[in-house]
Amino acid sequence: MKLKHLMPLPFTILALVYGVYKVDVLPIFVGVLSTLLYLPSLKSECEEELVLCGSVALFSSVLSIWGSWIKYLSLLGVLLLLLLQLSTLLRR
């Protein structure tokens with residue numbers, strides 16, 4: 001695991017903190033789920049899987065703190081991250 005693989009984690013935590021600060025449930029939900037779904041991929045040996053999961057976690061967290069209707073697209077990112085983790089489990 002390299003330092004660059006930990007890059008999405010500050011953004012997922014930022015979404016969580018922003019949600020608590022603004023009392024908005026969506027960033028809290030996305031921040032917690034993105035973090036929990038990204039952490040298992042850190043043990044992965046596949047570089048592409050790690051980068052893809054990290055990118056989805058990062059972008060869904062950033063979208064969740066957006067001010068308009070765009071923040072609801074972050075739920076698609078969480079769903080995609082969940083599907084990626086499920087496909088990894090099924091391959092093993």
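In the predicted model, Leu86 counts as partly exposed, with a relative accessibility of 42%, and its place is in helix 4. Across the chain, the C-alpha atom of Leu86 lies 10.0 Å from that of Leu37, although the two residues are 49 positions apart in sequence. Leu86 also belongs to a nonpolar patch on the surface, which is formed by Val25, Phe29, Trp69, Tyr72, Leu73, Leu75, Leu76, Leu79, Leu82, Leu83, Leu86 and Leu89 and which has about 1,200 Å² of accessible area when these residues are taken together. Helix 4, spanning residues 74-91, and helix 2, spanning residues 25-38, each supply at least two residues of this patch, and the greatest contribution comes from helix 4, with 7 residues. Leu79, another member of the patch, likewise lies in helix 4 and is partly exposed, with a relative accessible area of 45%. Because residues enter a patch only with over 30% relative accessible area, the values of 45% for Leu79 and 42% for Leu86 are consistent with their inclusion in the patch.

Charged side chains were examined next. Side chains of opposite charge can pair when their charged atoms come close, and the structure holds 2 salt bridges. In one of them, the side chains of Asp24 and Lys71 meet with an N to O distance of 2.8 Å. Asp24 is found in the loop between helix 1 and helix 2, whereas Lys71 is found in the loop between helix 3 and helix 4, so this pair ties together parts of the chain that are 47 residues apart in sequence. Lys71 is buried, its relative accessible area being 13%. The other salt bridge is formed by Glu49 and Arg91, whose closest N and O atoms are 3.6 Å apart. This pair, too, links distant parts of the chain, with Glu49 in helix 3 and Arg91 in helix 4, at a separation of 42 residues. The two partners fall into opposite classes of accessibility, since Glu49 is buried, with a relative accessible area of 13%, while Arg91 is exposed, with a relative accessible area of 60%.

The loop between helix 1, residues 8-22, and helix 2 also contains Val23. Phi of Val23 is near 50°, a positive value in a residue other than glycine, and this can be set against the general tendency. Most residues other than glycine have a negative phi. Val23 is exposed, with a relative accessible area of 71%.

Two residues of helix 1 were considered together with their partners further along the chain. Lys22 lies in helix 1 and counts as partly exposed at 47% relative accessibility; the C-alpha atom of Lys22 is separated by 9.7 Å from that of Ile65, a residue 43 positions away along the chain. Leu16, whose place is also in helix 1, counts as partly exposed at 29% relative accessibility. Between the C-alpha atoms of Leu16 and Ser64 the separation is 9.4 Å, the two residues being 48 apart along the chain.

Empty space in the model was analysed last. Rolling a probe the size of a water molecule over the atoms shows where such space is left. The largest pocket has a volume of about 150 Å³, and its lining comprises Lys4, His5, Met7, Pro8, Tyr38, Leu50, Val51, Gly54, Ser55, Leu58 and Phe59. Helix 3, which spans residues 47-64, gives the most to this lining, with 6 residues. By residue class, the lining divides into 7 nonpolar, 3 polar and 1 charged.

Technical notes
Residues numbered from 1 in each chain as written. Predicted model: local features only at pLDDT ≥ 70, side-chain atom pairs only at ≥ 80, totals over all residues. Heavy atoms only, no water. 1 Å grid on protein atoms, 1.4 Å probe; cavity = no way out; pocket = protein on both sides within 12 Å on 5 of 7 lines; lining within 4 Å. Points joined across faces, edges and corners; volume = space filled by probe spheres on them. Helix = DSSP H or I, 4+ residues; strand = E, 2+ residues; numbered from the N terminus. Nonpolar A, V, L, I, M, F, W, Y, C, P; charged D, E, K, R; others polar. Patch = residues over 30% accessible without salt bridge, like charges linked within 9 Å, V, L, I, M, F, W, Y side chains within 5 Å. Areas by Shrake-Rupley, 256 points an atom, 1.4 Å probe, with all protein chains shown as cover. Salt bridge = Lys/Arg side-chain N within 4 Å of Asp/Glu carboxyl O. Buried < 20%, exposed > 50% of the residue type's maximum accessible area, 1.4 Å probe, protein only.
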